[in-house]
Every structure is written in structure tokens, then in C-alpha cells.
Amino acid sequence: MLNKRFFSFLLAGAIAISAFAGFTVSLNNANPTIFRMAANGQVKPGDTVNFSIVNNTEDENFQFTIYRVAKEQEFITEYLAARTYGRFDIWKKDGTYLQFCEKVKEFSKIVTPSGSYYYEPTILSAGTFDKPGIYIIKAISAGKVAYLPIYISEKMMIMKKGDKNLLSFVTNAKTGEILMPEVTTLYADGKTVSSKSPNSEGLTLMDLSAVGNLGNKSSLITSIVAGELVYSDPYIFFGEDEGKRYISSIYTNQPVYRPGATVSYKGIIRFREDGEMGIPTGSLVEIKINDMSGNEVYKENLKIDEFGSFYSSFSTNKGFKPGSYYIHATCNGNYFYSTFTLEEYKKPEYKVVVSTAKEAYFNGEEIKGVVQSDYYFGQPVAGASVKVRVLRKPYRIPWWFGSDYAWYYRSWYSFDYGNYEYIKELKGTLNSEGSWAFTFNAPDDSTSGYTYMFEANVTDAALREIKGSTSVNSSVTDFIVTASCDKYYVNPGEEISITAKTYDNALVPVGKDVSILINKSTYINGMQISETVLKDEFKTNEKGLGFYSFKPSSEGWYNVTIMGRGSNGRLAVDQTSFYCFTGGSWYGSGESREAQIITDKEAYIAGDTVKALIYLPSKLNQGVVTIEQNSIISASKIALKDGFAEYSFVTGKNFYPSFNITFSGTLNSTFIYAAKKVGVINEDARLNVKISPSKDKYKPGEEAEYVVKVTDNNGKPVKNAQLSFGSVDESIYAIKADNSTPVYESFYKDEYYYTQNNTSLDGKYGQAISRPITLFDQKYDPSDKSSATTGTSKIEIKFKLKEDDEKIEELEILTTNGSVLKRDKASVKTFTSFSNLPEGEYDICLALYNAVYPLKRIYVEKGKTVAEEISLEPFIDDIEFYFSGNLAGVMDGMTKSSVDNLSIEEKVTPVPNSRVEDKKDQEVDVRENFVDAPYWNPAIVTDGSGEAEISFLLPDNLTSWRSTVKVITKETFAGESINNVFATKDLLIRTETTRFFKEGIQLWLLPIFIIISTLMQKQK
């Protein structure tokens, strides 16, 4: 069955052939007799072209031929440059790339076998090339051949691809000067997709909205600059449905349920396109609910309404396992999820809140706090005992703070580290108001800040114990400094820029006087010798930013310390370092320099003017500034003077909720890039929501009435706004907090934006792996047409396998005599015929696009027919090795299911309430209807005055009822609010006793009368 496996492998390769991605050694050929070549794919004119070769053949004699591509545009269009990354060869679908080439020179070299497939390369020189262009190095040895591409140019293309547009410009790779192309062209699969001339600044911004879905097609950008072809690196990716970003908010009416309860949920979906929000009205949403083990417990399809909402409910049962459950929603290929919890719980009777007098302290200060405890029906837990455990752990500013990417790391890394340690315990008793004040003297530690947690346990007379906690930071001082260098390695005498950023303890940038200390360490005979080489002072500006330039004079490891003092006289310190050495730039091509972008504010409102300062500690005189989200909003060429440039622009509504300012340039063949993320606050989209109950206290079973008022940012009523209204027992949130993201934040939260940033140097290096040589490689001469004269001979070929495999039909037979080059479908059932051939020798090859493997050489006489049945079995291992890696690809099929003409009834099922009549006339009012959530309605719409009225019967619970309203409009304006009312009685009798006792003991019940109403107090 080896043939079946092999040809199935080749068929997968036929699908993936357009994406060569390196080479993998076959298990059958651990030590292949081949040779490999590789080289940096771009070299400046006049520089020596070096390439490496690893020889695993037994022959040391190598013949090299160098070709120059004379018709670059035709060549690059055909080959799309992507092949310069993977294993290059000269075959194309209907011919050869050599037809575009002219021979430059030939030479011979001795290459000793390496003994290792991957290592021990020999470095050879191909000489210098003064003329820019694309060159191909052909190597022949031991009956094997390989082709290696080289690109000679001093120009560098910069590309930035967004979802809907693509920016490109060409620079002098050494000086960074932006050049003026004649025309820039985008190709896909060898066909012109778009062609455009640059603007007056040399920038080409190409609109991709009209080019259609390019999917995974091999793409390429070319520019003609002063007659020279400049082309992109091979990696430009085009996805489906680019330009739309879907966003969702999904929430449940309460965070935790008991097994058997009904779970109600609502979701809102939007997509953002070109900075504007859209609603996928009418689209179907597939809902799946899974338990913590991934088992599906519920499934349904819902239709999105005109507000972009979908909502429903489903009933759990007692058999559902406690744990986290996941609501999965899929809409138009986009996936969203939310969670809720099933848990067997007992609701607490009272709550414990811990607070501190200040938000932050210094080490050595007295921390003042209060423990407050109240029953959920509104009365204090007087006389209860309190224990407050004091815990702490180190509080440190994270390593990423102050960097340009702090906005990205903030969501991944916390500010504090380590575990809490126990410090001490404080004890007290709640007063008649249910509160107890405590103090704690934070140790006067000058080495580290701490996060202190105060964990309070309140125990009432019935020995019920409820916990509450809070935490507060205590710092060494109210000053923070960060230090960084613009590069890690420098040569002696080369300038390095050291950056200091200063903040107060609220993390707000402030200007400060700081000191700098630089120590150098060297090692002599294994011993470290350190010396101080600099002590100085400088200031940071009002943005908390300061730069210090330094030129190390000798090799060594340099440690940089930046220091400053806070208002309490304590010292804040941060350190950075760099290495100085003499030698080549082994760590990268050219110098590594990073620009910095500083804006006058971190966030703006639409219509504000953004003022940005671009700082670059180098001799670069110009670059390009872009304003972008997932697409490029604008691009401008800017000039820098002494490393600085100012840039200003006005924000628009299409900038919500944030955008990136980027700088791009080149210097000494290095891509210089910086990005600054800036927020834009959409105040217009923030709604004010007010919940007004008819009164603050109700009796159990009474009808609660509410008016919800929705106004915009200017205080005007918002009509036709959709709101969800839910009422839940407040004690539920002590079991599990409501961690759902506010609706406004869901749609206007900080987003991560990405544009593909590439240069023509990225990935542009050549790699070649030898294959058996053909007559074509030995004899091809595009100027010799005599052997290509039409003849009268004929060759018929049929492949032979142990078992027929129809997948062979996906392959081709290539036949060549050095000038004639013909292809046709391969077959194991019928002969493939090649007619009108000249007399002579021919190589019969297995072909798959530009991958070719020669199988047999035959001779055909004039006017004769040669029919050959070629068995593939002897070649299978060798062919599989040759094609492996290049052809190992998998195509994933995606099947979309749709539901047509599905009608879904959207309705709200009211929570049953057994209280249907007034019981005032009854002598005894027995409370028996206890529920956790008495009301939920996901789709209430405000009237012309921006109001909505809601009423429902309260159950018998004596508690605080939390009502939560979340609002959305068709314009994606959003807001929410919470309101609490008490359900209580004028006179309550509670009994308190121990919660556990032994059988046979005498039990005393202590009744506690709680008189609530003023009238009852007078009648007492």
C-alpha cells in the first residue's frame, strides 16, 4: 500500500504547492546524497555575494553558472517572488524561468562533503555585482543540480497592509531617503490586481475594497523606481471578510443559579467597519450551552432583532452538575461566549463591607479602616464580633510599565507579584450602627512597596460567619521612575540614548529632577572589575519623559541607574543595561534603532487636535507617519531635524475607540518602526440611566413599580432605546459577583489593532536543495532554436504501480531534450502521448507545478514511436524525500450550515408568583413564596420621553432587591444602572441560637424584636 500513501501525499502537496515553507527530511532518507545552498536574498550593489553550501554527495567538484534575469517584470510576475523563500527551481507551469535569463559567468569550486545534512557549511563567494537586479546561481555536482536566487539592490520597500488598504513606499536602504516610484502594482497568482501611481510624497495608498477576496492567493507588490524593479517580501496575507470586526455583549439575569433554575440570557452584536458601527439585523445566531466538561446541554437558533439583540431562556434540572457553564454564540462565522455558574448555595443573611480612609499609603503610615455589616433587609448587625486578618504581598511596578506597549501587556500581567503572607489579627465588636473602626501601622520599609489585604470575619449571635475584604497599596514613596535604552549593543564611540520616564504614585506622568549613574563591568581572568564611568543629573519634561545621550569609550557591560526622590524624601530607582563590544553586527543587519512617539494626551474626544512628538536618536532625516486602526486612515511623509519631528491632526468619530500612530523608516538596511496607541472617548455614546422606584421600601408580596429614564450626554431624552430589566436578591451577589462587562465598555473598550508591517528585506533569502539533473539543466540555450524544430517522432508514457491509484491523475509528465519542454497529464490507465518531437534523447520526469523529478532517459529515432511503462516503485522513497516539506500541506474544509425560513417566537416568560390576591384581611400572613429573581424582561423600549415603566409583584423574601438595567440603541449608544430597594416588615422577630448542638441538651431561644417603622416605634 506504499503507493497509495505516497500519491495521497502528493495530492495534498498539489493543493499546498503554492506555499513552499522549507524542507523536512524523510524518515526513509536520514542521510540523503544531496547538497543544499542558502544565502541572504538581498545584497547591495558592489558588495560581495556570499552563499553557503552543505555537500552530502561523494563528489567535491562543483560547476557554477550565474544568470541575470533580463526580463525582471515578466519573471517576477510569473514567479511572484514567494519562491525565493522556499526551495527555488527553474520550472514553471508552462515552461522555464530561464527564458527570462542571460548568462553572466561560470566558475568551478571544490566543496568538501560535510558529513552533516544540516551543519558544517562551506562559504563561497560569487563575486561582486554592480548592476542591480535578480540573479540565479546554478550549481551542478554528482549528477545533481540546484538553483539559488539572489537580489541585488540598494532600495528597500516598506509595506503596511490593513484590512481594506495597502500602503507602500520605497527608500534608499542606507540613507532612508523616500524615493519616487513610477508605478506600484499588486499581483495575485501572477495577475495584476491593482496598479497605482504614488502621490506627491512618494507614497502609494491602494484601496483593496474593489479587488475582491484574494484569500490565500500568492501575492506580490512591485514598484518601478528609476527603471529598477523593487519587489516585496513574500508574505502578504489576505483574509476573508476583512474590514469587519464583530463585537458582542452577552449576559445573564444573575451570575449564579441553583440546579433546576431557569437561566435567562441576552446578547447584543455589532460589527465595526471603517470606524462605524453596524447591526447584523436578521442574521441567525446559533446558541450552544456546554457544561464544564464540554458536554452540550442546550442548543437553539435565534434571530437578531433591529437593535442587534437576541435573548432567550432555558431550564436546568436537578441533574445538572454544579460548576461553570458556557454560552457559545456563533453569528456570521464569528464566535462569542459568556459564562454562568450552577451551585448549591445558602444565601447569607447579612453582608460585610471593608473600606480604608485613603486609596494609597506610604510605608510607615497608619492605615485606617472600617468594617460595616448590615442585614440584607436594611438593619445593622449590631453587637457581632469581628476579626480582621492583615495580609500582605510585595507590590512592584511591572517590567512593561512605561513602555510603548504597556496598553497591550496591561491585560496580561498584574502589578503585584507573589502570595499573601499573614501579618497579624485585629479583634473588635460592631457598634449599634453595625460598624467597627480599626487601625494598622504599616511597617516603615524603605526597600519595597506592599499590597495589604484586610480580611474581615463577622460572627453574629447565631454564630453565622460572613467574610468581606479590601486591599490597599502602601509604597516606599510617591514617585516612580523607569529606565530604558534605545538598543542593547553598541560599538565603542557609538552614541546610545537612555530614556527616563517619571510618574507619581497614581501612575500619572510628572516632570522630575533625576540622577543618572553608569557603571561598567569587565572580566579579567574570570574576575569582575567594576568602575563608575558617569554621574550626572537631568530633568524629565511635563510628560514625564527625559533623554540622556552617552558614548561608551571601551568594551564592557554597562549598567544604568536612574534615581529620583518623592515628596517624603525616599528614593525611587530603576535600572537598565547595554553591552559595548568591537565587532560586526552579528545580532542583526545594521543598527537597531527604535523611534518613540509622545502625544500631549493619552486619550482624546472626537474633534480634538492631537499633537504628537516623534523622537529618533539617529541621523534619519525623513520617514512616514500613519494613523491607523485595522486599516490605514492616513499616511504622511515627515521630515526630522536633529531626531525630532512634530505632527498634529484632528480626530474624527471614525477613530473610536482608539487608534495607532506609527512611524516607519529605514536606515542602514534596518527597518525603524514605532507605534503609539491613543484612545478616543466617545462621550456621545454614553447614556445616562436612572431607575426610580415608587418607594425605597416595600412589603413582601407588594407590587414594585419603577420608572426608567434614559437621557443622552446632553441630558436629552432618548426614545426608542431597548433595555433589559432584571431584579435579583442582593445576597446572590455575595455568593458570586456580577463580573459581566458593562455594555458601553463592551463596544467601546480598548481594541488591539494590527496592520501587516513588512519590508522587502524580510524573508527575502534564498534556499536551494539539489535534485537529479536533466538534459534541460545541461543543454538549455534560449538562443538555440534548431533542436526545437518540430519533428516526426512520438513518445508515449504510462506509469506503473503495484496497485492502480487514480490520484496519479493529479500529476503530470514532463518531457524535455534540453530545448523542447512539454507537459501533459499523467496516467496509470492510459498512455500519455507527446507528438511532433525532434529525434534525440529525452528525459521523462514526474512534474507537479514547479517541482520536477526525472525518472528515465530514453532515445527516440526520427519518425518512430517509443512507448514506455515506467514503474514508480523504485523511485518512491527518493521522490517522497524530494517532495517532502515542500508539499506537506493540509487544506481544511469549512462547511457552513444555515437555517432557512426559520421563525423564532421571542417572548418573555414571567416568573410564577403564588401571591395573586391581597391578604390584608387574613390574620396570619405566612410567607411561603421565596425566589431569587422575581422579574426579567430583556426587550423593553423607551417611549418618546425616554421613559419605560415596569411593575411586578415581589415575592416573600425579606431582603434587598437589586434591579439592573442595561440599555442599547440602534446607534450603539449604551448605558446601565443599578438600584436597590428593601423588602421588609414593620416588625420582625428573629431568634438567635447556636447553629449546631448535641442531642438531649436544653435549647434556649432568644427572640430579637426588630422594629423598623417610625409608627411602630411610637406604639412600642
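Is E702 buried, exposed or partly exposed? E702 is partly exposed, with a relative accessible area of 25%, where buried means under 20% relative accessible area, exposed means over 50%, and partly exposed lies in between, computed with a 1.4 Å probe on protein chains only.

This is a predicted model, in which local features need pLDDT of at least 70 and side-chain atom pairs count only at pLDDT 80 or more, while totals for chains, interfaces and linings use all residues. Residues are numbered from 1 along each chain as its sequence is written, and side-chain values use heavy atoms, with hydrogens and water left out.

**Stop one: salt bridges**

Keep E702 selected and add K695: their side chains meet in a salt bridge of 2.4 Å, N to O, a salt bridge being a side-chain nitrogen of Lys or Arg within 4 Å of a carboxyl oxygen of Asp or Glu. K695 is also partly exposed, at 35% relative accessibility. By this rule the count comes to 29 salt bridges.

Next select E286 and K299, whose side chains form a salt bridge at 3.9 Å, N to O. Because E286 belongs to strand β22 (residues 284-290) and K299 to strand β23 (residues 296-303), the pair ties together parts that are 13 residues apart in sequence; helices (H or I, at least four residues) and strands (E, at least two) are DSSP runs, numbered from the N terminus. E286 is partly exposed, with a relative accessible area of 24%, and K299 counts as partly exposed at 46%.

Then move to R389 and E455, where the side chains meet in a salt bridge of 2.9 Å, N to O. This pair links distant parts of the chain, with R389 in strand β30 (residues 385-395) and E455 in strand β33 (residues 449-459), 66 residues apart. R389, for its part, is partly exposed at 29% relative accessibility. To finish this stop, select R258, K347, D729 and D932 together, since these residues are linked in a network of salt bridges.

**Stop two: an open sheet and the nonpolar cores**

Select β13, β14, β16 and β17, which form an open four-stranded sheet in the order β14-β13-β16-β17, with antiparallel pairing; two strands pair if DSSP finds at least two bridges between them. The edges are β14 (191-196) and β17 (228-231), each with a single partner strand, so one side of each is left without a neighbour in the sheet. Neighbouring strands of this sheet are turned by 25 degrees against each other on average, direction ignored, with axes taken as lines fitted to C-alpha atoms (for helices over the stretch in contact) and angles running from 0 to 180 degrees between N-to-C directions. Zooming in on β13 (residues 183-188), one finds five bridges joining it to the antiparallel β14, and Y187 stands opposite T192 in β14.

Now select F75, L98 and I136, which touch the most other members among the 43 residues of the largest nonpolar core, a nonpolar core being a set of buried Ala, Val, Leu, Ile, Met, Phe, Trp, Tyr and Cys residues joined through side-chain atoms within 4.5 Å. Strand β16 (residues 219-225) gives the most to this core, with four residues. Apart from it lies another core, of 26 residues, among them Y361, I367, V386 and W436.

**Stop three: β38, β41 and β42**

Select strand β38 (residues 513-524) with strand β41 (residues 556-565), which pair in the antiparallel sense over seven bridges, and look for N519 opposite N559 in β41. Adding strand β42 (residues 571-580) shows 10 bridges joining β41 to β42, which run antiparallel; in β42, the bridge partner of G556 is C580. β41 and β42 form a hairpin with five residues between them, and G569 in the turn has a positive phi of about 85 degrees.

Back in strand β38, select Y523, which is exposed, with a relative accessible area of 58%. Y523 and W557 are 34 residues apart in sequence and 9.4 Å apart in space, C-alpha to C-alpha.

**Stop four: a buried threonine and two cysteines**

Select T755 in the loop between α5 (743-748) and β55 (756-759). T755 counts as buried at 3% relative accessibility, and a polar contact of 2.8 Å joins the side chains of T755 and E628; a polar contact is a pair of N or O atoms within 3.5 Å, of which, within protein, one must be able to donate a hydrogen and the other to accept it, and residues adjacent in sequence count only if both atoms are side-chain atoms.

Lastly, select C331, which is buried at 0% relative accessibility, and C845, which is buried at 0%. The count of disulfides comes to zero, a disulfide being a pair of cysteine sulfur atoms within 2.5 Å.
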